[in-house]
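Hello,

Here is the structure I promised to pass on to you. Please have a look at it first, and then read my notes below.

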Amino acid sequence: KQVESDDLKIEKPYDFYDHPKSLSEDAYHLQLISPVYEAWKQANRLENSYCILATHRVSSLEKEVKAVLSLRGVEMDRYFFLGRVKEKIEVLNEMIDQFPNLTTVSIYEDSIQQLDRYQTYLGYREDLTTNMYFVDKSKVYRLNSFHLSNEQKIRLI
């Protein structure tokens with residue numbers, strides 16, 4: 001409720017994240033997550049590494065997202081702003097096709113649903129070493145394998 005205004009009414013789970021106010025440096029103390037940042041720094045130093053950001057944030061927020069990262073010295077080789085139009089797994093597939101000599105894929109994700117999709121897709125890719133990390137509220141976990149069940153859609157009431 002604190003961020004709701006005439007131009008921002010939160011009716012669906014993603015409404016807040018589709019709005020520039022969600023990335024306001026004045027309203028929020030936006031911070032990097034140390035294990036993710038350290039992994040990016042290490043990968044960014046490697047000549048044969050390619051770092052991407054695939055987010056379900058909408059493309060109209062590209063400038064704001066890049067500004068938040070740039071202020072912290074983070075720059076990716078490529079950015080994907082998918083909204084709810086395209087799946088992250090499609091981006092992964094495109095990247096694998098773009099880099100036929102790819103040997104290792106590391107994924108940092110805060111959505112268990114997305115991780116499940118990655119796990120299913122990558123399970124068929126015996127040619128790749130995969131490292132998947134769940135970025136939770138206060139910890140980052142490396143996932144070896146997991147199983148989801150009883151999926152229920154969230155509806156705000």
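**What I found**

Let me begin with charge: the mean positions of the 21 positive and 25 negative charges of the protein lie 3 Å apart. Here Lys and Arg count as positive and Asp and Glu as negative, while His and the chain ends are not counted. Each charge is placed at NZ of Lys, CZ of Arg, CG of Asp or CD of Glu.

Before you go further, please keep in mind that this is a predicted model, in which local features need pLDDT of at least 70 and side-chain atom pairs count only at pLDDT 80 or more, whereas totals for chains, interfaces and linings use all residues. Residues are numbered from 1 along each chain as its sequence is written, and side-chain values use heavy atoms, with hydrogens and water left out.

**The whole protein**

The protein has four helices and five strands. These are DSSP runs numbered from the N terminus (helices: H or I, at least four residues; strands: E, at least two). Read from the N terminus, the order of the elements is α-β-α-β-α-β-α-β-β.

As for size, the C-alpha atoms fill a box of roughly 50 × 40 × 30 Å along the principal axes. The radius of gyration is 17 Å, which agrees with the value near 15 Å for a compact globule of 157 residues. That radius is taken over C-alpha atoms, and the globule rule is 2.2 Å times the number of residues to the power 0.38.

About 11,300 Å² of the protein is exposed, and carbon and sulfur atoms supply 48% of that area. The areas come from the Shrake-Rupley method with a 1.4 Å probe; for residues, only the protein chains shown count as cover. Of the 157 residues, 32% count as buried. Buried means under 20% relative accessible area, exposed over 50%, and partly exposed in between (1.4 Å probe, protein chains only).

Contacts (heavy atoms within 4.5 Å) are also worth a look. Among those with a separation of 6 or more, 64% are between residues 24 or more positions apart.

**Strands β3, β4 and β5**

Two strands pair if DSSP finds at least two bridges between them. Strand β3 (residues 104-109) runs parallel to β4, with six bridges joining them; T104 has T129 in β4 as its bridge partner. On to β5: β4 (residues 129-135) and β5 (residues 140-143) are antiparallel and joined by four bridges. V135 is partnered with V140 in β5, and a hairpin of four residues connects β4 to β5.

How many of the seven residues of β4 are buried? Five are, so the strand is mostly covered. T130 also sits in β4, but T130 is partly exposed because its relative accessible area is 30%. Beyond its neighbours within four places in sequence, T130 contacts V105, L122 and R142. Its C-alpha is 7.9 Å from that of I107, 23 residues away in sequence.

**Two residues of β1**

Strand β1 (residues 52-55) holds T55, and A54 is found there too. T55 counts as buried because its relative accessibility is 13%; A54, at 18%, also counts as buried. Leaving out residues up to four places away in sequence, A54 touches F80, K88 and V91. With its neighbours within four places set aside, T55 is in contact with F80, F81, L82, G83 and K88. By contrast, A54 and G73 are 19 residues apart along the chain, with 18 Å between their C-alpha atoms.

Enjoy exploring it!

Best wishes
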